[in-house]
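Reader: Could we go through this model together, beginning with the aromatic residues?

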Amino acid sequence: MKWFILVALFGLGLAQHNPHTRHGRTSIVHLFEWRWADIAAECERFLAPNGFGGVQISPPNEHIVLNNPWRPWWQRYQPISYNLCSRSGSEDELRDMITRCNNVGVNIYVDAVINHMCGAGGGEGTHSSCGSWFSAGRKDFPSVPYSHLDFNDNKCKTGSGNIENYGDANQVRDCRLVSLLDLALEKEYVRGKVVDFMNKLIDMGVAGFRVDACKHMWPGDLSAVYGRLHNLNTKWFSGGSRPFIFQEVIDLGGEPISSREYFHLGRVTEFKYGAKLGTVFRKWNNEKLHYTKSWGEGWGFMPNGNALVFVDNHDNQRGHGAGGASIVTFWDSRLHKMAVAYMLAHPYGVTRVMSSFRWNRHIVNGKDQNDWMGPPSQR
């Protein structure tokens, strides 16, 4: 019986590695901070005719709205509830976008923020994208509802309540990531709320999820959540199709938590890919393109079947996240086009192209002071 259960769970994990792109389509494009109505139009007029397989969208759930006229991009990663009204649009607009993109063969993958709620200093009131009341100080989110009982503060052993040492796996998974209120995902109640949120999106027609901050969640907790997800909507996908899962795990080596701990659950973001490719196209360390004959696993990357790869992402495009100065972005437009073309031509991993927005950079001591700027919208 144990052997049967292990085989079943292994098969479930393999199924969640499949992006379910239509025949002849391959790459995903991340339409970072795009509005739902604009994504729907982009699927119809450009992505489908040009062979793109899917779109990664920004988190669709209710998020904090910060008292800043530019509305920083990272407020999307501070949930207030699982209501589907965000800076990108309403639930009806989200549903319309999913339907229209699916109808032209372009899948939708949701950026799911399930590790945490908003920051501990997020205040209280109705400054949220749906207008729901909350209190970060009291850990009170009545629109879910979550209370102080649903967070990990009792498990975290640091004085600040935040992660203080990335060499301690328990801290990384049980303490707050930059003050974000860390959900107790081992609790059945919390798991149920997360599962309900993700299943609603699956039933609406999404093909899968980019799961945020997976390094900060225990693999066993994620396995419990993924195992309760519905199969994909048979209006657009074959019966029995499992949601595609790709997990954000920043692993450049040297830390106790490794990407391989998450391979059995779905694909994993290969951050070494963009960092190494940047050094090649920038010709740093005497790197040459012909050295990439063994590109992929031969360069120490994760196995091909587990990898989700990209030249740059929304974090390291702004100079933080992983990869450092080697990352090639749209600011180096010629090199960026070359690197993306190379990625799309090379048979390694599921590929994701970045589509973002420009902002006014202000560099001081090598750091962009405006890396927080949100998209050209006042919502």
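Author: A term is needed beforehand: buried means under 20% relative accessible area and exposed over 50%, with partly exposed in between (1.4 Å probe, protein chains only). This is a predicted model, where local features need pLDDT of at least 70, side-chain atom pairs count only at pLDDT 80 or more, and totals for chains, interfaces and linings use all residues. Residues are numbered from 1 along each chain as its sequence is written, and side-chain values use heavy atoms, with hydrogens and water left out.

Reader: Are Trp-295 and Tyr-342 buried or exposed?

Author: Both Trp-295 and Tyr-342 are buried.

Reader: What about Phe-357 and Trp-359?

Author: Their ring centres are 6.4 Å apart and their planes at 70°, so the pair is edge-to-face. Rings of Phe, Tyr and Trp (its six-membered ring) pair if their centres lie within 6.5 Å; planes under 30 degrees apart count as stacked, over 60 as edge-to-face and the rest as tilted. Phe-357 and Trp-359 are buried as well.

Reader: How many aromatic pairs are there by this rule?

Author: The count is 26. One of them joins Trp-295 and Tyr-342, edge-to-face at 6.1 Å centre to centre with 80° between the planes.

Reader: Turning to charges, which one sits over the ring of Phe-357?

Author: The charged end of Arg-318 does, 5.0 Å from the ring centre. The criterion is NZ of Lys or CZ of Arg within 6 Å of the ring centre and within 35 degrees of the ring normal. Similarly, Arg-352 lies over the face of Phe-310, at 4.5 Å from the ring centre.
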